[in-house]
Amino acid sequence: MLADLLKTLLGTQFAYYLKSHSFHWNVETPDFYQYHKFFQKIYEDAYEAVDPIAEYIRSLDEYAPGSLERMLELSVVPGQTKVPRAQLMIEELLADSETIVDLNQCFTAATNENKQDIANFMAERLSQQNKFAWQLRSTLKENRA
Ligand SMILES: [Fe+2]
């Protein structure tokens, strides 16, 4: 059901937002500034997605989850209580962002329930997600000799 998928997406998006923001704060590397800015772009985008998802849940006449406990329960990406090395942060965000691709499922459910506005939003999120996945993957590439 679409509302349940949106709740899972909201929890996941919230967990991903918090993780990427904490990576922005805590990353340590000689390329600090570059990573710091990159993580900022990711967390800002993730944060911007949170509000519309919650409001779509309300438009389906369901309540939006509103506690950290509930967000964590719903999220399909784990939290991170440690401070990984910079490259591991990138790998973790990449793996997480690939998990968030139940965006496809949300798109299909929205289309089936004739909610074109929600389907459009999912299509935009997918495109944004793919763009960040490409940038994260490229950050992991070794220098060519
Ligand atoms: Fe900041």
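1. In this predicted model, α6 supplies the largest share of the lining of the second largest pocket, namely 3 residues. The lining is made up of Y35, Q87, I90, S138, T139, L140, K141, E142 and N143. Two elements, α4 and α6, each contribute two or more residues to the lining of this pocket.

2. The second largest pocket encloses about 170 Å³ of space. Its lining divides by class into 3 nonpolar, 4 polar and 2 charged residues. K141 and E142 are the charged residues in the list.

3. The largest pocket has a volume of about 230 Å³. Its lining consists of G11, F14, A15, L18, K19, S22, L68, M71, L72, G79, Q80 and T81. The elements giving two or more residues to that lining are α1 and α3, the latter spanning 68–74. Of the elements, α1 gives the most, with 6 residues.

4. As to chemical character, the lining of the largest pocket holds 6 nonpolar residues, 5 polar residues and 1 charged residue. The charged residue is K19.

5. The model also contains 1 cavity of 30 Å³ or more. About 40 Å³ of space lies in the largest cavity. The residues lining it are Q13, Y16, I42, D45, A46, R125, Q129 and F132, and α1, α2 and α6 are the elements that each give two or more of them. By class, the cavity lining comprises 4 nonpolar, 2 polar and 2 charged residues; the charged ones are D45 and R125.

6. The largest nonpolar core contains 44 residues, and those touching the most other members are L6, F39, I53, I118, M122 and L136. Two or more core residues come from each of α1 (2–26), α2 (32–59), α4 (86–99), α5 (103–112) and α6 (116–140). Within this core, α2 holds the largest share, at 12 residues.

7. Which residues does M122 touch, not counting residues up to four places away in sequence? The contacts of M122 are L6, L9, L103, C106 and F107. L6 is itself among the core residues that touch the most other members.

8. Helix α1 recurs in several of these points. This helix gives two or more residues to the largest nonpolar core, gives the most to the lining of the largest pocket, and is one of the elements giving two or more residues to the lining of the largest cavity. Helix α6 likewise gives two or more residues to the core, to the lining of the second largest pocket and to the lining of the largest cavity.

How values were computed
Residues numbered from 1 in each chain as written. Predicted model: local features only at pLDDT ≥ 70, side-chain atom pairs only at ≥ 80, totals over all residues. Heavy atoms only, no water. Core = buried A, V, L, I, M, F, W, Y, C linked by side-chain atoms within 4.5 Å. Buried < 20%, exposed > 50% of the residue type's maximum accessible area, 1.4 Å probe, protein only. Helix = DSSP H or I, 4+ residues; strand = E, 2+ residues; numbered from the N terminus. Contact = heavy atoms within 4.5 Å. 1 Å grid on protein atoms, 1.4 Å probe; cavity = no way out; pocket = protein on both sides within 12 Å on 5 of 7 lines; lining within 4 Å. Points joined across faces, edges and corners; volume = space filled by probe spheres on them.
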